[in-house]
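Biologist: Could you take me on a close look at one part of this model, the side-chain contacts that hold its strands to one another? I would enjoy one connected walk through them, at an easy pace.

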Amino acid sequence: MAAPNVVNVSSIYGKTQGGALATSLGDWVVCLTDKLFKVNSIIVSNVDGTNASDATVIFYDASDTASIHLAKTVTVPAKSTLIVLGKDAPIYLEEGDKIQAQASVAGDLEIIVSFEILDDA
């Protein structure tokens, strides 16, 4: 199905999801059927007090099964934060599109994704 026309949306719901990154790619946001998601920010923080860890964040485009890196093995120093995507440069997810992420060391990195669900129904 087609994504809603941004001009004609009837409702906008703000959402935030997050958690610890694993060493394998995990899905953090998956766009629903007949919806359009506007991703406003993606933040990765290193909660390890001593060691750096690498973050990889991917936009998965379901329309052509392509994975596009937003951040590829970017080192996040201990006790630091990486802004992968900010509100000044949002991206849109259509049906089936995803934001995926992983860390080089399990338990060292946490991710938080802020997005809006745009609906025309």
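Modeller: Happy to; what follows goes from the charged pairs to the aromatic rings, then to the nonpolar core and a few single residues. Please keep in mind that this is a predicted model.

Let us start with the charges. Searching the whole structure turns up three salt bridges. One of them joins Asp 27 to Lys 98, with 3.4 Å between the closest N and O atoms. Asp 27 belongs to strand S2 (residues 26–30) and Lys 98 to strand S8 (residues 98–103), so this bridge ties together parts that are 71 residues apart in sequence. Asp 27 has a relative accessibility of 41%, so this residue counts as partly exposed. Lys 98 has a further partner: its charged end sits over the ring of Tyr 60, 5.3 Å from the ring centre.

Another salt bridge is formed by Lys 35 and Asp 119, whose closest N and O atoms are 2.9 Å apart. Here, too, distant parts of the chain are linked: Lys 35 is in the loop between S2 and strand S3 (36–46), while Asp 119 is in strand S9 (residues 109–119), 84 residues apart. Asp 119 counts as buried, because its relative accessibility is 9%, and the cut-off for buried is under 20%.

Strand S9 also takes part in the salt bridge between the side chains of Lys 87 and Glu 116, at 3.9 Å from N to O. Lys 87 sits in the loop between strand S6 (81–85) and strand S7 (91–93), and Glu 116 is in strand S9, so the pair ties together parts 29 residues apart in sequence. With 55% relative accessibility, Lys 87 counts as exposed.

Now for the rings. The structure holds one aromatic pair. It consists of Phe 37 and Phe 115, with ring centres 5.2 Å apart and planes at 25°; planes under 30 degrees apart count as stacked, so this pair is stacked. Phe 37 comes from strand S3 and Phe 115 from strand S9, which places the partners 78 residues apart and links distant parts of the chain. Phe 37 counts as buried at 3% relative accessibility, and Phe 115 is buried as well, with a relative accessible area of 3%.

That brings us to the nonpolar core. In soluble globular proteins, nonpolar side chains tend to be buried together. The largest nonpolar core in this model has 25 residues, and Ile 42 and Val 44 are the ones that touch the most other members. At least two core residues come from each of S2, S3, S4, strand S5 (66–76), S6, S8 and S9. S9 gives the largest share, five residues. To see how Ile 42 fits in, look at its contacts beyond four places in sequence: they include Val 57, Leu 70, Leu 82, Val 84, Ile 99 and Ile 111.

Ser 53 is a polar residue worth a look too. Ser 53 is found in strand S4 (residues 53–61) and is buried, with a relative accessible area of 1%. A polar atom of the Ser 53 side chain lies 3.5 Å from the backbone nitrogen of Val 105. Beyond four places in sequence, the residues that Ser 53 touches include Asn 46, Val 74, Val 76, Ala 103, Val 105 and Leu 109.

Asn 46 also gives us a reference point for Gly 18: their C-alpha atoms are separated by 13 Å, and the two residues are 28 apart along the chain. Gly 18 lies in strand S1 (residues 11–20) and is partly exposed, with a relative accessible area of 48%. Leaving aside neighbours within four places in sequence, Gly 18 is in contact with Trp 28, Ile 111 and Ile 112. Ile 111 and Ile 112 are also among the residues that Ile 42 touches.

Finally, two backbone details in the loops. Asp 34 has a positive phi of about 60° although it is not a glycine; this residue is placed in the loop between S2 and S3 and is partly exposed, at 31% relative accessible area. Thr 65, again not a glycine, has a positive phi of about 45°. Thr 65 is found in the loop between S4 and S5 and counts as exposed, with 57% relative accessibility.

Terms used: Residues are numbered from 1 along each chain as its sequence is written. This is a predicted model: local features need pLDDT of at least 70, side-chain atom pairs count only at pLDDT 80 or more; totals for chains, interfaces and linings use all residues. Side-chain values use heavy atoms; hydrogens and water are left out. A salt bridge is a side-chain nitrogen of Lys or Arg within 4 Å of a carboxyl oxygen of Asp or Glu. Helices (H or I, at least four residues) and strands (E, at least two) are DSSP runs, numbered from the N terminus. Buried means under 20% relative accessible area, exposed over 50%, partly exposed in between (1.4 Å probe, protein chains only). Rings of Phe, Tyr and Trp (its six-membered ring) pair if their centres lie within 6.5 Å; planes under 30 degrees apart count as stacked, over 60 as edge-to-face and the rest as tilted. A charge sits over a ring if NZ of Lys or CZ of Arg is within 6 Å of the ring centre and within 35 degrees of the ring normal. A polar contact is a pair of N or O atoms within 3.5 Å; within protein, one must be able to donate a hydrogen and the other to accept it, and residues adjacent in sequence count only if both atoms are side-chain atoms. Contact means heavy atoms within 4.5 Å. A nonpolar core is a set of buried Ala, Val, Leu, Ile, Met, Phe, Trp, Tyr and Cys residues joined through side-chain atoms within 4.5 Å.
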